[in-house]
Amino acid sequence: MNEDTTDEKRRGFLVKLSLGLAGLAAAVAGVPVLAALFAPLIEKTPQVWRNVGLLDDFQIGTTKLVTFENANAEAWAGVTTHTAAWLRRDADHKFTAFSANCTHLGCPVRWEAGAQLFMCPCHGGVYYKDGSVAAGPPPKSLVQYPVRIQKNQVQVQTSPVPITNISA
Ligand code: FES
């Protein structure tokens, strides 16, 4: 066997070994990236009922800010585990809960009882009493949360913070 043939075999083996190791490294690095990319499509959105107050805490016809823990609260998130909603008692056992986040870029909106409007301080977004857009850049109505009454407790069904139009 001559020396050239041995070198070519060794070179061929090293090329295959390098390609194999590179492929293995790419697979090891790629799996977490692919998992992170596709996880939101596969994971179910957590939705949790949170207590926001007793029935008697709310007067019929008024809109009040309530705070509660996020549906997907992480132990390390600190104060960011809490979110808020504007809760209106429409009738004895009828409530409407609006997300406190503007549908434009997510700033917190405030309820102006005198004007019967929700106002966003960031870019002048204005919403009517029913949450529909009255003026400004918001692309759609305020998000509403389901509300129920359980044993005299008013509960809001939470889901991850509905910031909907971050590309605008
Ligand atoms: S974030 Fe509310 S108008 Fe822009």
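Arg 10 and Asp 7 sit 3 residues apart in helix α1, which covers residues 3-42, and that spacing puts about one helical turn between them. The two side chains form a salt bridge, with 3.3 Å between the closest N and O atoms. Keep in mind that this is a predicted model. Arg 10 is partly exposed, with a relative accessible area of 48%, and Asp 7 is also partly exposed, at 30%.

**Charged pairs**

Side chains of opposite charge can pair when their charged atoms come close. The count here comes to 5 salt bridges, and the helix pair is one of them. Another links Glu 69 to Arg 50, with 3.7 Å from N to O. Glu 69 belongs to strand β2 (residues 63-69) and Arg 50 to strand β1 (residues 48-54), so this contact ties together parts that are 19 residues apart in sequence. Glu 69 itself is partly exposed, with a relative accessible area of 36%.

Then there's Arg 110 with Glu 112, whose side chains meet in a salt bridge at 2.5 Å, N to O. Arg 110 counts as partly exposed at 39% relative accessible area, and Glu 112 is partly exposed too, at 29%.

Here are those salt bridges side by side:

| Basic residue | Acidic residue | N to O distance |
|---|---|---|
| Arg 10 | Asp 7 | 3.3 Å |
| Arg 50 | Glu 69 | 3.7 Å |
| Arg 110 | Glu 112 | 2.5 Å |

**The annotated stretch**

An unreviewed UniProt entry carries the annotation "domain: Rieske" for residues 89-156. Over residues 89-156 the model has 0% helix and 44% strand. The C-alpha atoms at the two ends of that stretch are 13 Å apart.

**The cysteines**

How many disulfides does the count come to? It comes to 1 disulfide, and the partners are Cys 107 and Cys 122, with 1.9 Å from S to S. Cys 107 is in the loop between β4 (94-99) and β5 (110-112), while Cys 122 is in the loop between β6 (117-119) and β7 (126-127), so the bond ties together parts that are 15 residues apart in sequence. The torsion about the S-S bond is about -95°, so the disulfide is left-handed.

The two ends of the bond don't share the same burial class. Cys 107 is buried, because its relative accessible area of 16% falls under the 20% cut-off. Cys 122, at 37% relative accessibility, counts as partly exposed.

Now for two more cysteines, Cys 102 and Cys 120: buried or exposed? Cys 102 is buried, at 1% relative accessibility. Cys 120 is buried as well, with a relative accessible area of 6%.

**The sheet**

Moving on to the strands, 4 of them form an open sheet in the order β2-β3-β4-β9, with antiparallel pairing. β2 and β9 (144-145) stand at the edges with a single partner strand each, so one side of each has no neighbour in the sheet. β2 also brings us back to the charged pairs, since Glu 69 of this strand is the residue that reaches Arg 50 in β1.

Inside the sheet, β3 (residues 82-91) pairs with β4 in the antiparallel sense over 6 bridges. A hairpin through 2 residues joins β3 to β4. One bridge partnership matches Arg 89 with Phe 95 in β4.

On to the pairing of β4 with β9: these strands run antiparallel and are joined by 2 bridges. Here Ala 97 has Tyr 145 in β9 as its bridge partner. β4 is mostly covered, too, with 5 of its 6 residues buried.

**A loop contact**

Where does Asn 72 lie? Asn 72 is in the loop between β2 and β3. At 38% relative accessibility, Asn 72 counts as partly exposed. Asn 72 and Pro 46 are 26 residues apart in sequence, yet their C-alpha atoms are 6.3 Å apart in space.

Definitions and conventions: Residues are numbered from 1 along each chain as its sequence is written. This is a predicted model: local features need pLDDT of at least 70, side-chain atom pairs count only at pLDDT 80 or more; totals for chains, interfaces and linings use all residues. Side-chain values use heavy atoms; hydrogens and water are left out. UniProt positions are given in the numbering used here, feature names are shortened, and annotations may be inferred rather than shown by experiment. A disulfide is a pair of cysteine sulfur atoms within 2.5 Å. Buried means under 20% relative accessible area, exposed over 50%, partly exposed in between (1.4 Å probe, protein chains only). A salt bridge is a side-chain nitrogen of Lys or Arg within 4 Å of a carboxyl oxygen of Asp or Glu. Two strands pair if DSSP finds at least two bridges between them.
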